[in-house]
Amino acid sequence: MIRKAASLIALSLLVLPACGDKDDDNNDNVVEEIPTNYVGLYKTDCIANSVLDLSHTIRTVDIQADGGFSRTEEYFGSDNCQDSGLKLRVDGTVQEKGDLPENPQLDMLNFSVSDVFITVNSDALRATLNTTKFCGISDWAVGQEREVSGADCRGFTIKKGDVVQEVVDDRDGTLYFGNNFALLLNKTDDRPTAIDEKVPYHKQ
C-alpha cells in the first residue's frame, strides 16, 4: 500500500520532461522575449483533483518582469482548500515565442525549469515519503520545503534546464493554459494546440 501511494505521488506530481527540448533560437533577444503582458500573480479556484487522500488543489503562477516564473500546486484534504497536505513549487524562466501557427489567438510560451521544491504538510504523507525514501530523502519533515531538482523520484528525475512548451490565451486578464501546464506535465515534446477551458487562472 505504501509503495502504491508513493508511486501515485510520482505519477501525479513529478512527471516533468526528462530531456526537455532546448530552444535553438538566438538568445541575443531574450529581453524582447519576456512576456511582459502576462506579468503578475495568477491563481485558480479550488478545483477537484485527487492525490492519495487529498481531494482538491489550488494552482498559482507568478510571472515576473525579469522573465522569471514561480509555479505552485497545493493539495488539500477538503473541498474548501483549507487544510494543506502537500505543495509543489517549480521556479525558472519563461519566454514568449509568438502566435501559435495553428491558432494565432493562442500565444506560445516556453517554461525553463531551474529548481523544484516539495513541502509536506501532512503527518501521514510525511511518514509514507520517509518510509519509501521518496526522491532519495528519508527525513521529510512537516512544513519543511525540500529541493528535489535532479533527484531520482522513483524513476522520474527533474532536471534544471528542462523546457516545457506551452500555449496561453489571455481573456481580459484571466489566463488559460494548455494541458502541459498542469504541474508542468510534459509527456511528449509537442506543444499543445488547445487550452484547458476548465482551469482559468485569475489575476490577483
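Here are some questions and answers about the predicted model shown above.

Residues are numbered from 1 along each chain as its sequence is written. In this predicted model, local features need pLDDT of at least 70 and side-chain atom pairs count only at pLDDT 80 or more, while totals for chains, interfaces and linings use all residues; side-chain values use heavy atoms, with hydrogens and water left out.

User: How many helices and strands does the protein have?
Analyst: Happy to help! Both are DSSP runs numbered from the N terminus, with at least four residues (H or I) for a helix and at least two (E) for a strand. On that basis, the protein has 3 helices and 12 strands.

User: Is S4 largely enclosed or open?
Analyst: Buried means under 20% relative accessible area with a 1.4 Å probe, counting protein chains only. In S4, 8 of the 9 residues are buried, so the strand is largely enclosed.

User: How many bridges join S4 to S5?
Analyst: Two strands pair if DSSP finds at least two bridges between them. Phe 69 has Gly 92 in S5 as its bridge partner. S4 and S5 run antiparallel, and the bridges joining them number 9.

User: Which strand gives the most to the largest nonpolar core?
Analyst: Such a core is a set of buried Ala, Val, Leu, Ile, Met, Phe, Trp, Tyr and Cys residues joined through side-chain atoms within 4.5 Å. This one has 35 residues, and Phe 111 and Trp 140 are among those touching the most other members. With 6 residues, the top contributor is S6.

Note on methods
Buried means under 20% relative accessible area, exposed over 50%, partly exposed in between (1.4 Å probe, protein chains only).
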